[in-house]
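Open the model in your viewer, switch to a cartoon view, and keep the sequence panel beside it, so that each selection below can be made by residue number.

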Amino acid sequence: MAQLQGFNPRACGARCDECPLNGQQAVPPETRPDAKIAIVGDYPGDVDVKQLRPLVGPSGSEFDRGLRAAGLHRGNVHITNTVLCRPPDGDMDSLLQKLKRERAESQTTGPTPAECCAPRLKQELARFQDVIALGRMATHALLHNTASVLSIR
């Protein structure tokens, strides 16, 4: 494992102080200096937060199988998430709906977790030519497009 020791999302451009998930545990990226491919998931799962590693647990097992099928392993790739913190109950859609309701009621605006992490993600991925998105949020963040994943595929 090549986790970024002492990783500070704020130092990498994340706007944590503005984020609705501020105060939650961030799961740092996992990388190797010679990695040529970056893999971007949506946000950490429960096991990811407990182990402070992205894409572990049940989804990580499937991810590892997919990497092996492609002739790769975790040591070959940079692994990160669009949002580094887990939303309450692991339900980003509910959080986004709640934020939308609150903002409509108060007629204010504020960034989403993905918008707060976007500068960090952009900086983190700058050195990679090959980036693979895993999930709707990652796809939307990387392509700046809100079309369905199936239509983009």
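This is a predicted model, and the tour begins with two charged residues. Select Glu124 and Arg120: Glu124 is buried, and Arg120 is buried as well. With their side chains displayed, you can see that the two form a salt bridge, in which the closest N and O atoms are 2.6 Å apart. Both residues belong to helix α4, which covers residues 113–125, and they sit four residues apart, or about one turn of the helix.

Next, move to helix α3, residues 92–106, where Lys98 and Glu102 are likewise four residues apart, about one turn of the helix. These two also form a salt bridge, with 3.9 Å between the closest N and O atoms. Are Lys98 and Glu102 buried or exposed? Lys98 counts as partly exposed because its relative accessibility is 42%, and Glu102 counts as partly exposed because its value is 38%.

Now select Arg15 and Glu18, whose side chains meet in a salt bridge at 3.2 Å, taken from N to O. Arg15 has a relative accessible area of 30% and is therefore partly exposed, while Glu18, at 46% relative accessibility, is partly exposed too. In general, side chains of opposite charge can pair when their charged atoms come close. To see salt bridges joined into a network, select Glu30, Arg53, Asp64 and Arg74 together, since these residues are linked in that way. The structure holds ten salt bridges in total.

Leave the charged side chains and turn to the sheet. Which strands form the sheet, and in what order? Three strands make up an open sheet in the order β2-β1-β3, and their pairing is parallel. Its edge strands are β2, residues 77–81, and β3, residues 130–133, each of which pairs on one side only. Looking along the sheet, you will find that neighbouring strands are turned against each other by 20 degrees on average, direction ignored.

Zoom in on strand β1, residues 37–41, which pairs with β3 in the parallel sense over four bridges. For a single point of reference, select Ile37 and find Asp130 in β3 standing opposite.

From here, select helix α5, residues 136–143, which lies across β1 and β3 and runs at about 140 degrees to β3. Within α5, Met137, Ala138 and Thr139 are buried. The helix is followed by His144, which has a positive phi, near 50 degrees.

The last stop is the nonpolar interior. In soluble globular proteins, nonpolar side chains tend to be buried together. The largest nonpolar core of this model has 14 residues, and those touching the most other members are Leu21, Val83, Leu84, Met92 and Leu95. Helices α3 and α4 are the elements that give two or more residues to this core, and α3 gives the most, with three residues.

Which residues does Met92 touch, if residues up to four places away in sequence are not counted? Display Met92 with its surroundings and look for Leu21, Tyr43, Val83, Pro87, Pro113 and Met137. Finally, select Ala38, Val40, Leu121 and Leu125, which are among the seven residues of a second, separate core.

Technical notes: Residues are numbered from 1 along each chain as its sequence is written. This is a predicted model: local features need pLDDT of at least 70, side-chain atom pairs count only at pLDDT 80 or more; totals for chains, interfaces and linings use all residues. Side-chain values use heavy atoms; hydrogens and water are left out. Two strands pair if DSSP finds at least two bridges between them. Axes are lines fitted to C-alpha atoms, for helices over the stretch in contact, and angles run from 0 to 180 degrees between N-to-C directions. Contact means heavy atoms within 4.5 Å. A salt bridge is a side-chain nitrogen of Lys or Arg within 4 Å of a carboxyl oxygen of Asp or Glu. Buried means under 20% relative accessible area, exposed over 50%, partly exposed in between (1.4 Å probe, protein chains only). A nonpolar core is a set of buried Ala, Val, Leu, Ile, Met, Phe, Trp, Tyr and Cys residues joined through side-chain atoms within 4.5 Å.
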